[in-house]
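Subject: Structure handover

Dear colleague,

Here is the structure I said I would pass on. My notes on it follow below.

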Amino acid sequence: MLRIPLCMALAIVLLPSSAIADQTPLPNPILFVTQFPIRGDFAAIASVFANHRGSSDLVGRGGDLYIRYPDGSLRNLTQEAGFGSSTVFQGADSIAVRDPAVSWDGSKAIFSMVIGAPVEQYVRVASYFQLYEVSGLGEGQQAVIAKVPNQPVDRNNINPIYLSDDSILFASDMTRNGAPHLYPQLDEYEEQPTPTGLWRLRPSDAQPELLQYAVSGSFNPILDSFGRIVFTRWDHLQRDQQNDYGADNPYGIFNYSGEGPASEPTADRSEVYPEPRGSVNGSHLNGFSINQFFPWMVNQDGTSEETLNHIGRHELSGYFQRSFTNDPALIDFQATATHHDMENMLQIREDPTRPGRFVGIDAPEFYTQASGQIVAVDAAPDVNAAAMTVTYLNPSSDRGFYDGDPVPADFTGHFRNPLPLSDGRMIAAHTSESRSAQAAPYPFRLKMLSTGANGYLEAGENLTAEISKSVSYFDPDQLITYDGPFWELSPVEVRPRSVPPATGFTLKAPEQQAFALESVDPQAFRAYLRANGLAVIVVRNATARDGADQQQPYNLRVPGGIETVAPGQGMVYDISHMQFFQGDQIRGTGGTTDPAEGRRILAQTLHDGPAVIANASSPVDRVPIASDGSVALFVPSRRAMAWQSLTPGGDPVVRERYWITFQPGEIRECDGCHGINQQNQANQPAAENVALALRSLISRWRDHQIDLIFQSSMEPR
């Protein structure tokens with residue numbers, strides 16, 4: 001962070017609202033934010049992750065919400081509405097703003113704002129981003145800003161958007177079940193505080209509803225033109241790297257006895273899923289780690305959570321290992337020379353002129369303040385993931401940084417917050433700086449992009465004449481002073497748009513047939529699930545795997561039942577059971593004597609009370625695979641779940657690589673174990689069988705009317 005000796009106080013310099021930035025014609029006004037240019041890039045406002053907190057050491061004070069009109073004139077909306085400090089010193093009335101999103105009729109916008117900072121050195125002030133709406137966006141109107149009611153207080157609420165019914169979707173760090181003793185949730189990588197997922201707030205709601213639960217964080221949702229919520233999710237389903245230091249245990253890692261408020265630190269540090277991060281001596285098992293920010297989607301009722309069009313590592317990554325070393329049929333994944341890989345996809349936007357085209361930023365997780373290369377994927381609902389490719393909109397060298405290394409000849413700068421406009425052009429925040437953010441400041445400015453001679457997008461004219469301020473604030477240990485330009489970030493186009501269709505749960509044809517064959521009303525069954533906080537997982541054929549996945553075992557058979565085997569040689573694995581895991585927030589840090597705040601999720605064998613009672617199986621965490629390869633199980637809703645197939649001897653075979661969460665009442669089907677994009681390993685299409693396991697589950701519910709009395713006061717184990 002830039003630290004300048006405190007000098008004589010200067011009046012805050014504000015750009016007059018009538019100032020002309022340049023003569024670039026735009027089709028519509030642009031709403032954007034200015035932010036104090038913090039240099040830090042670890043868990044701070046411009047970082048890839050843990051950027052949601054509002055404390056003054058992580059997000060500087062003095063930024064505002066602006067609107068730029070097509071003629072270049074600017075209005076400072078927050079100042080106009082009476083928010084922010086009018087003096088150099090940013091104290092109790094100071095603000096920082098982020099994440100504007102415009103309503104469907106273009107008359108208002110929602111954004112996040114934090115108010116207040118320490119007024120004395122070494123004094124910490126609890127500061128949280130909260131949601132606000134602004135109206136009066138038209139020229140000559142008066143800006144009015146009001147706080148959104150019924151949102152979580154004393155929690156950070158960011159990335160708001162409007163859904164099709166005008167309800168508000170946003171990311172928050174409120175705990176999954178609201179329990180204060182679990183706050184904050186820590187990510188699976190650096191064990192930093194993280195948003196817990198996407199929440200919906202309707203005017204009639206007394207409190208928000210969790211639509212999508214994230215173990216390591218969900219970020220920057222949009223509602224696409226097809227009605228899907230598309231967002232970036234951090235996937236890091238691996239064992240705790242902070243626990244890999246043996247007896248020394250420098251991070252003070254431990255497990256709590258459970259999730260409940262009476263749970264206590266224990267000496268236990270064990271983990272059960274997935275396989276260890278490093279190779280296991282004397283075994284044929286490779287170590288496993290995963291770390292990616294990929295595009296995901298979910299319906300507006302929170303159902304059908306999935307990577308965007310089921311795209312995954314085979315379409316986006318460059319390399320990853322096979323799981324077993326002793327199976328000649330398994331190979332390490334290596335992308336072809338013509339394959340465009342993508343490490344991450346951040347700050348996603350849909351192109352209004354090309355529905356289903358999504359642009360975003362591929363940036364490293366550290367060092368560049370979430371800026372890098374602009375990339376695009378075409379993912380309308382009818383596009384198969386196997387046909388999806390990454391398009392580079394500027395050179396791949398833009399995703400790197402060059403401290404002391406030669407700068408590639410095609411490097412054009414670092415980009416973030418790309419915004420495709422309604423006239424087909426694009427703007428983005430940009431800096432020409434090639435070094436890391438730690439080596440040099442990044443002066444992000446909003447710029448119009450143009451196509452260069454090589455066909456790539458390049459930064460062109462600035463959209464403003466530069467917005468500068470003189471400010472000082474406590475961070476809280478030091479007095480920070482600054483006189484210069486503020487960042488310009490998060491642009492959105494202010495215009496009326498067509499309201500996307502609502503999306504929600506649909507029971508697929510094979511599952512509908514299962515209910516019909518058992519003479520059970522699926523709506524009555526789903527009402528039972530909702531009343532008891534449950535969902536149902538259905539795997540139609542666990543022996544079927546996508547033909548592209550040759551990194552985990554794919555020659556599979558059920559003893560005495562179906563088998564799906566690829567042509568050629570390779571080991572054939574018997575699988576008899578599916579084992580399920582739930583994510584429990586029980587991993588603590590800082591030592592058992594004086595633990596640090598917050599807890600990380602650990603995978604634990606399924607033990608959720610309502611689900612265990614409903615399944616009535618033994619062992620409670622696993623279910624037999626039926627002769628047709630199908631699996632069906634009651635699972636807890638709004639809790640992260642993962643699973644793996646087992647041999648008759650109990651050895652893991654195929655492991656799920658992503659946490660998946662289900663909504664109350666959801667019946668979630670999967671055609672195989674790694675769903676089929678085009679063909680499975682035996683060159684067959686995706687399974688459409690009526691699952692025997694689902695019919696058995698439905699008939700048991702019908703005949704016995706499983707007596708499960710849900711107790712909302714029931715504490716987790």
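**Salt bridges**

Glutamate 518 and arginine 702 form a salt bridge, with their closest N and O atoms 2.9 Å apart. This pair links distant parts of the chain, 184 residues apart: glutamate 518 is in the loop between helix H3 (509–517) and helix H4 (522–531), and arginine 702 is in helix H6 (residues 692–704). Glutamate 518 counts as buried because its relative accessibility is 9%, while arginine 702 is partly exposed at 31%. Please keep in mind throughout that this is a predicted model.

Over the whole structure, the search finds 41 salt bridges. Another of them joins glutamate 433 to arginine 435, the closest N and O atoms being 2.7 Å apart. Here glutamate 433 is buried, with 15% relative accessibility, and arginine 435 is partly exposed, with 37%. Arginine 495 and glutamate 493 also meet through their side chains in a salt bridge, at 3.4 Å from N to O. Glutamate 493 is buried, at 8% relative accessibility. There is also a network of salt bridges, which links Arg176, Glu259, Asp584, Asp608 and Arg639.

**Helix H3**

Helix H3 has four residues to note as buried: Pro510, Glu511, Ala514 and Phe515. Viewed down the axis of H3, these buried residues fall within an arc of 145 degrees, so they line one face of the helix. An α-helix has 3.6 residues a turn, so residues three or four places apart point the same way. The exposed residues Ala509 and Ala516 are carried on the face of H3 turned away from its buried side.

**Strands**

Strand E30 (residues 487–493) is largely enclosed by the rest of the structure, because seven of its seven residues are buried. Strand E1 (residues 30–35) runs antiparallel to E30 and is joined to it by five bridges. In this pairing, isoleucine 30 has glutamate 493 of E30 as its bridge partner. Glutamate 493 is also the residue that forms the salt bridge with arginine 495.

Elsewhere, an open sheet is formed by four strands in the order E13-E14-E16-E17, with antiparallel pairing. Strand E13 (218–223) and strand E17 (306–307) are its edge strands, each pairing on one side only. Seven bridges pair strand E14 (residues 229–235) with strand E16 (residues 292–298) in the antiparallel sense. Tryptophan 234 has phenylalanine 293 in E16 as its bridge partner.

**Cavities**

How many cavities of 30 Å³ or more does the structure hold? There are two.

The largest cavity has a volume of about 40 Å³. Its lining is made up of Glu188, Leu237, Gln238, Arg239, Glu271, Tyr273, Pro274, Arg600, Ile601, Leu602, Ala603 and Trp659. By class, seven of these lining residues are nonpolar, one is polar and four are charged.

The second largest cavity holds about 30 Å³ of space. Glu188, Val215, Ser216, Arg233, Trp234, Asp235, His236 and Trp659 line this second cavity. Its lining has three nonpolar, two polar and three charged residues. Glu188 and Trp659 appear in the lining of the largest cavity and also in that of the second largest. Trp234, from the second lining, is the tryptophan whose bridge partner is phenylalanine 293.

**Backbone points to check**

Most residues other than glycine have a negative phi, and most peptide bonds are trans. The following places depart from that pattern.

The peptide bond from tyrosine 273 to proline 274 is cis, with omega near -10 degrees. Proline 274 sits in the loop between strand E15 (254–255) and E16. Tyr273 and Pro274 are among the residues that line the largest cavity. A cis peptide bond also leads from aspartate 475 to proline 476, with omega near 0 degrees. Proline 476 belongs to the loop between strand E28 (468–474) and strand E29 (479–485).

Alanine 50 is not a glycine, yet its phi is positive, near 55 degrees. Alanine 50 lies in the loop between E1 and strand E2 (65–68), and at 2% relative accessibility alanine 50 is buried. Alanine 616 likewise has a positive phi, of about 50 degrees. The loop between helix H5 (609–615) and strand E37 (622–624) contains alanine 616. Is alanine 616 buried or exposed? With a relative accessible area of 60%, alanine 616 is exposed.

Regards

Conventions. Residues are numbered from 1 along each chain as its sequence is written. This is a predicted model: local features need pLDDT of at least 70, side-chain atom pairs count only at pLDDT 80 or more; totals for chains, interfaces and linings use all residues. Side-chain values use heavy atoms; hydrogens and water are left out. Two strands pair if DSSP finds at least two bridges between them. Helices (H or I, at least four residues) and strands (E, at least two) are DSSP runs, numbered from the N terminus. A salt bridge is a side-chain nitrogen of Lys or Arg within 4 Å of a carboxyl oxygen of Asp or Glu. Buried means under 20% relative accessible area, exposed over 50%, partly exposed in between (1.4 Å probe, protein chains only). On a 1 Å grid over the protein atoms alone, a cavity is a set of points where a 1.4 Å probe fits but cannot get out, and a pocket is an open set with protein on both sides within 12 Å along at least five of seven lines; lining residues have an atom within 4 Å of a point. Grid points are joined across faces, edges and corners, and a volume is the space filled by probe spheres set on the points. Ala, Val, Leu, Ile, Met, Phe, Trp, Tyr, Cys and Pro count as nonpolar, Asp, Glu, Lys and Arg as charged, and the others, Gly among them, as polar. The arc is that of the directions from the helix axis to the C-beta atoms.
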